[in-house]
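Reader: I am new to this structure, and I would like to see how the words used for it follow from the values. Could you take me through it step by step?

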Amino acid sequence: MKKVMMIVLALGLMSGILVGCGESDIQKVEGDNSAEQQKVEEKKQETLKIGDAVKFDGLKVKVLGVREFKGDQFFKPENDKFVLVQVEVVNTTNEPQTVSSMLQTRLMDAEGQSQDAALTGDEKGQLDGEIGPGRKLKGEVAFDVMKSDYYEFIFEDPFTTGQAIWKIDAKDIK
């Protein structure tokens, strides 16, 4: 039994070393709040607003609106409130595409803290499933959030790089 444990441990360490052998270029950044660094970051990533659409790996993704839900007798937020983001996804390819709200969406607060995904029972549609060519899927993604001046809704593909980010000001949440 001891030999088996040692072999498993050795294999685990070797796989961890191999995973670390990617092509990442990691460099130390001096003064991450410098004006030059901020200009570079602004050019790399455009922040979208409610109503904006973006093409993302053959999908046209649009945030239609954002609303608040304080909960009811069955669903109560653990933090300050629930925020529900309504999203429309259109498949612009000739092949079926799959969308998963759990894998492809996140919500961050103004401090950069990730907010918890939630089920509220008040969602209008689900943003999950297969979308046929030329078809669309519309649904809400719920988050249990702490109070913040703004949030960032992030849509990404966990198997590729890149993100689409919508800035949602607290005043725009209905």
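**From values to words**

Author: Read along the sequence, this predicted model follows the pattern α-α-β-β-β-β-β-α-β-β-β-β-β-β, with 3 helices and 11 strands in the protein.

Reader: Why is glutamate 88 called buried?

Author: Glutamate 88, which is found in strand 4 (residues 81-91), has a relative accessible area of 14%; buried means under 20%, and therefore glutamate 88 counts as buried.

Reader: What makes the approach of glutamate 88 to lysine 136 a polar contact?

Author: The two side chains make this contact at 3.4 Å, and the cut-off for such a pair of N or O atoms is within 3.5 Å.

Reader: Why is the pair of phenylalanine 69 and phenylalanine 82 called stacked?

Author: The structure holds 4 aromatic pairs. In the pair of phenylalanine 69 and phenylalanine 82, the ring centres are 5.9 Å apart and the planes stand at 20°; rings pair if their centres lie within 6.5 Å, and planes under 30 degrees apart count as stacked, so this pair is stacked. Both phenylalanine 69 and phenylalanine 82 are buried.

Reader: Why, then, are phenylalanine 153 and tryptophan 166 called a tilted pair?

Author: Their ring centres are 6.0 Å apart and their planes are at 50°; since stacked requires under 30 degrees and edge-to-face over 60, the pair is tilted. This pair links distant parts of the chain, with phenylalanine 153 in strand 10 (residues 150-156) and tryptophan 166 in strand 11 (residues 163-169).

Reader: How do you know that phenylalanine 153 is buried?

Author: Its relative accessibility is 0%, and buried means under 20%, so phenylalanine 153 counts as buried.

Methods
Residues are numbered from 1 along each chain as its sequence is written. This is a predicted model: local features need pLDDT of at least 70, side-chain atom pairs count only at pLDDT 80 or more; totals for chains, interfaces and linings use all residues. Side-chain values use heavy atoms; hydrogens and water are left out. Helices (H or I, at least four residues) and strands (E, at least two) are DSSP runs, numbered from the N terminus. Buried means under 20% relative accessible area, exposed over 50%, partly exposed in between (1.4 Å probe, protein chains only). A polar contact is a pair of N or O atoms within 3.5 Å; within protein, one must be able to donate a hydrogen and the other to accept it, and residues adjacent in sequence count only if both atoms are side-chain atoms.
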